[in-house]
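Here are my notes on this one, as numbered points. Have the structure open while you go through them.

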Amino acid sequence: MSKGGKVYLVGAGPGDPKLITLKGVEALRQADVVVYDRLANPALLEHAPVQAERIYCGKLPDQHTMRQEAINQLLVEKAALGHTVVRLKGGDPCVFGRGGEEAEHLAKHNIPFEIVPGVTAGIAAPAYAGIPVTHREHGSSFAVVTGHLREERPDLAVEKWQALAQGIDTIAFYMGIGNLSMIREQLIAHGRDANTPVAIITWGTTERQAVATGTLATIEDRLAEHPEIANPAIILVGDVVQMRDKINWFDPQMLQ
Ligand code: SAH
């Protein structure tokens, strides 16, 4: 079946093109085919040979450019032709990136593959906003959560909200901007203090990074003052957010 073909599921990092791993760059340098997402910085394609085929399969939140089954099939087909294929995904391929599903499909079709982890937005965007996701005084547990929690697992919703609201110090919500009111209401309803600090970071680690801060009580009003903050954004909830007042270091101009 595959004559030497292989697929690398590579994390592109959160945006700053230097936040990819050396292993990710090495995979790109050997690529015959690169299949990349909207959130993978296109500057990274420069690591691939000029003759490599570049296939865009980005997805906007509300429109599917290429369906997941078609992507799975494409990876198998290209590798079966003997090609080295890099599947380049924003952040880490296995954090809300469907890396697990793609790997499963490749394994099922006996296509050799490697997973190259990446720097995930829920850690990197806060870091570039001057917020460490853990801190000995302000946060000793950290969760990454989909902002679509209620839609994806309605059966578990109540228990999950209770556990998150009461058991986790720092919570990073991905894909959550459209559900911000629901998220803040659920956390408060399940026992989180309404004065808990919140930061929303859009296009973290890029020259378009912008940040709004507030509390669970005020964040919606604060967001209304920042029309530039939209998808992609991380909603970070927890006392660690107050560290931004002390260690905010990143100026998006640095990347221009
Ligand atoms: N695999 C990616 C996440 C993909 S889900 C990762 O590990 O980072 C897409 C969501 O990721 C977006 O809705 C947003 O919540 C988040 N995201 C990705 N890049 C981002 C960035 N540069 N700044 C803020 N959020 C980002």
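1. Start with where the ligand sits. Domain 1 (6–119) and domain 2 (122–250) both contribute residues to the shell around the ligand, so it lies between the two. Bear in mind throughout that this is a predicted model.

2. Who lines the site? The shell counts 17 residues, and those that come nearest to the ligand are Asp92, Val95, Thr120, Gly204 and Ala233. Sorted by class, there are 12 nonpolar residues, four polar ones and one charged one around the ligand.

3. On polar contacts, look at the backbone. A polar backbone atom of Val95 is 2.7 Å from a nitrogen atom of the ligand. Pro14 also offers a polar backbone atom, with a ligand nitrogen atom 2.9 Å away. For Gly90, a backbone N or O atom lies 2.9 Å from a nitrogen atom of the ligand. As for cover, the ligand taken alone exposes 540 Å², and the protein buries 92% of that.

4. Now the sheets, beginning with the parallel one. Five strands make up this open sheet, running in the order S3-S2-S6-S1-S7, and the pairing is parallel. Strand S3 (53–56) and strand S7 (113–116) are its edge strands, each of them pairing on one side only. Between neighbouring strands of this sheet the turn is 15 degrees on average, direction ignored.

5. If you want a register check inside that sheet, take S2 and S6. Strand S2 (residues 33–36) pairs with strand S6 (residues 84–89) in the parallel sense, over four bridges. Within this pairing, Val35 has Arg87 in S6 as its bridge partner.

6. There is also a mixed sheet. It is open and built from five strands in the order S8-S9-S12-S10-S11, with mixed pairing. Which strands stand at the edges? Strand S8 (142–146) and strand S11 (210–215) do; each has a single partner strand, so one side of each is left without a neighbour in the sheet. From one strand to the next, the twist averages 20 degrees.

7. The S10 and S11 pair deserves its own entry. Strand S10 (residues 197–202) pairs with S11 in the antiparallel sense, over six bridges. Ile200 is the residue that stands opposite Ala212 in S11.

8. The loop between S10 and S11 holds two backbone entries for your list. Trp203 lies in this loop, and its phi is near 45 degrees, a positive value in a residue other than glycine. Thr205 has its place in the loop between S10 and S11 too, with a positive phi of about 70 degrees although it is not a glycine. For background, most residues other than glycine have a negative phi. Gly204, listed above among the residues that come nearest to the ligand, is worth viewing alongside these two.

9. Last, a cis peptide. The bond from Asn231 to Pro232 is cis, with omega near -10 degrees, whereas most peptide bonds are trans. Where does Pro232 lie? Pro232 is in the loop between helix H8 (219–224) and strand S12 (233–237). Ala233, another of the residues that come nearest to the ligand, can be viewed in the same session.

Technical notes
Residues are numbered from 1 along each chain as its sequence is written. This is a predicted model: local features need pLDDT of at least 70, side-chain atom pairs count only at pLDDT 80 or more; totals for chains, interfaces and linings use all residues. Side-chain values use heavy atoms; hydrogens and water are left out. A residue is near a molecule or strand if one of its heavy atoms lies within 4 Å of it. A polar contact is a pair of N or O atoms within 3.5 Å; within protein, one must be able to donate a hydrogen and the other to accept it, and residues adjacent in sequence count only if both atoms are side-chain atoms. Accessible areas come from the Shrake-Rupley method with a 1.4 Å probe; for residues, only the protein chains shown count as cover. Ala, Val, Leu, Ile, Met, Phe, Trp, Tyr, Cys and Pro count as nonpolar, Asp, Glu, Lys and Arg as charged, and the others, Gly among them, as polar. Domain bounds come from an automatic or database domain assignment. Two strands pair if DSSP finds at least two bridges between them. Axes are lines fitted to C-alpha atoms, for helices over the stretch in contact, and angles run from 0 to 180 degrees between N-to-C directions.
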